[in-house]
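Please open the model in your viewer and keep the selection tool at hand. The stops below are meant to be taken in order, one selection after another.

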Amino acid sequence: MAQVSTKPHVALFASPGIGHLIPVLQLGERFVSRHNFVVTVFVVVTDAATAESQLKQQSSYKNLLNVVLLPPVDLTSLTNKPLAILSQLVLIVRQSLPDLRSAIASMKSRPTALIVDLFGTEAFAIADEFHMLKYEFFTTNAWFLALTLYAPHVDREHEDDHILRHMPLHIPGCASILYEDTVDVYTDRNDKLLHDDYVRIGRRLAEADGILINTWESLEPKTLQALRDPKAFGRFSQVRILPIGPLVSGFQSFGSSQPKDDILQWLDDQPTESVLYVSFGSGGTLSADQLTELAWGLEQSQHRFIWVVRPPQENSACGAYFEQAKRADGTPEYLPDGFVTRTQKLGLVVPMWAPQREILAHPSIGGFLSHCGWNSTLESLINGVPLIAWPLYAEQTMNATMLTDQLGIAARSRELMPNGVLGRHEIEKMVRTVMNKEDAKGETIRARSQDLKRTALLAVAEGGSSYAALSQVAQECKIGLVGLKQRARGA
Ligand SMILES: O=c1ccn([C@@H]2O[C@H](COP(=O)(O)OP(=O)(O)O[C@H]3O[C@H](CO)[C@@H](O)[C@H](O)[C@H]3O)[C@@H](O)[C@H]2O)c(=O)[nH]1
């Protein structure tokens, strides 16, 4: 007969997409390695084969976590309307809830807590049904959480002021933000479903027993203070805000299209802090025109680089395109003729995917041109690597604004050409700022990055604020909802 573990047990619920799965696995890893829990991770998938192959490349989690892929959800069977990504995720996750419920109902050792990511708040009802604690794991930062919690209160009738007259949105107690720097919920005003989905998420977050955020106290003190202040956030300030980051995995990176050793060996041969790493996260792509400008910008800067290249947006569905359409010197057809030959002493072009965490931790890396996905941002930050901010979608423009205007650890240019593309000279300028040791602005950015690295490491070290917050959650999960209620009654 199978032994039922006596260890405490929590369940994590991850919505589709590797950008969501990675931080959820990381959180699971912390519960196991630091707090000696059993962790079950339920993963919502749209395509089991893709999810399995992504997970297969990440073998180290297997001994630690019990990962359960829920039956795949076929979006096309649910709607034939084109939906915003957020609405797609809400719909897909909702469809998986009955499977999550059955899986939890049939567990011999029932978890004491359910921890969901941003799109999983509808699963709180299942946690209630089984008398489990329920936590939100907000995989980005406190500023975006503040925007999300504030969403139900934004007066849509005044939005013209913001959009047409560029008046910033004032989030109570927090830094203000221009509408164009927020998320598509605010900028695409005709999508009522998207707006309603986002507002509903904002409201449901308040039902959590705590919101775990992948940030730390000293990174966003003003925003965290506002989130806890009833004058700023009313009843939402009752929810416990628990910054537990930076949560960056001890796991190896998810695989690579090129042998990892080749890339790391190449890096071993480069001078300290001389290489710019260029990558747009798990799914970011650029237009053909933008790729051309980026290639010229990198080449003209004459700084070393590793560039994770994907086919242009126009061809992004065609993964094999990269392999097939190459010029004689190996330059993909969508990059300028002769690029690989001219830059062979300077750079490495890696198709599709690279072992990012190992790359960013390498001493030869001196900068990261990033789409500012929050995982990439944190991976850069804990290594003290300064950034070039190049946001593409989701909350990335907000992250980029924070990195440049509030934290001062990134260079950014908004000087687009008339065709909406960032030109090669602007790109070259940003690369020189961050990579050129004599550049005064770059010097400030680099020094600031080192400062933040120190605060990040302190926060997660034993005795640090994030360590304490996660320990508190672990303690609550050990006791469980029923035990906590009994304690409260006895107090
Ligand atoms: O070649 C690559 C590309 C990515 N990664 C890893 O993939 C993750 C990418 O995560 P992130 O940087 O957050 O980007 P996205 O995948 O775009 O993340 C989604 O989820 C994030 C967290 O919620 C949001 O901040 C983003 O806006 C959203 O697009 C990171 O751990 C990277 O190390 C690699 O290992 N190799």
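Which residue forms a salt bridge with Glu-129? Select Arg-101 together with Glu-129, keeping in mind that you are looking at a predicted model, and you will find that Arg-101 is the partner, with the closest N and O atoms of the pair 2.4 Å apart. Arg-101 belongs to helix α3 (residues 85-105) and Glu-129 to helix α4 (residues 124-129), so this salt bridge ties together parts that are 28 residues apart in sequence. It is one of 20 salt bridges that the structure holds.

Next, colour the protein by domain, giving one colour to domain 1, which covers 9-247 and 461-490, and another to domain 2, which covers 260-456. If you mark the C-alpha centre of each domain, the two marks will lie 29 Å apart.

Now turn to the place where the two domains meet, and select the residues in contact, which are 26 from domain 1 and 22 from domain 2. The area buried between domain 1 and domain 2 is about 2000 Å², and carbon and sulfur atoms give 63% of that area. To see which residues of domain 1 supply much of its part, select Trp-143, Asp-181 and Leu-219, since these supply 27% of the area that domain 1 buries against domain 2, more than any other three residues.

Stay with Asp-181 and add Arg-414 to the selection, where the two side chains meet in a salt bridge with an N to O distance of 2.9 Å. Across the interface of domain 1 and domain 2 the rule finds one salt bridge, while the count of residue pairs in polar contact between these domains is seven. On the side of domain 1 that touches domain 2, the elements to highlight are α1 (18-35) and α5 (142-150), which each give two or more residues, and α1 provides the largest share, five residues. Colouring that side of domain 1 by residue class will show 14 nonpolar, nine polar and three charged residues.

The ligand is the next stop, and 23 residues surround it, the closest being Ser-282, Ala-354, Ser-376, Glu-379 and Glu-395. Which side chains place an N or O atom 2.8 Å, 3.3 Å and 2.9 Å from an oxygen atom of the ligand? Select Thr-139 for the distance of 2.8 Å, then Gln-356 for 3.3 Å, and finally Asn-375 for 2.9 Å, in each case looking from the side chain towards a ligand oxygen.

Two features of the backbone complete the tour. Select Gly-245 and Pro-246, which are joined by a cis peptide bond with omega at about 0 degrees, and note that Pro-246 is placed in the loop between β7 (241-243) and α11 (260-268). Then follow the chain past α11 to Glu-273, which is found in the loop between α11 and β8 (275-279). The phi angle of Glu-273 is near 50 degrees, a positive value in a residue other than glycine.

Notes:
Residues numbered from 1 in each chain as written. Predicted model: local features only at pLDDT ≥ 70, side-chain atom pairs only at ≥ 80, totals over all residues. Heavy atoms only, no water. Domains from an automatic or database assignment. Contact = heavy atoms within 4.5 Å. Buried area = accessible area lost by both parts, 1.4 Å probe. Salt bridge = Lys/Arg side-chain N within 4 Å of Asp/Glu carboxyl O. Polar contact = N/O pair within 3.5 Å; in protein donor to acceptor, adjacent residues only side chain to side chain. Helix = DSSP H or I, 4+ residues; strand = E, 2+ residues; numbered from the N terminus. Nonpolar A, V, L, I, M, F, W, Y, C, P; charged D, E, K, R; others polar. Near = heavy atom within 4 Å.
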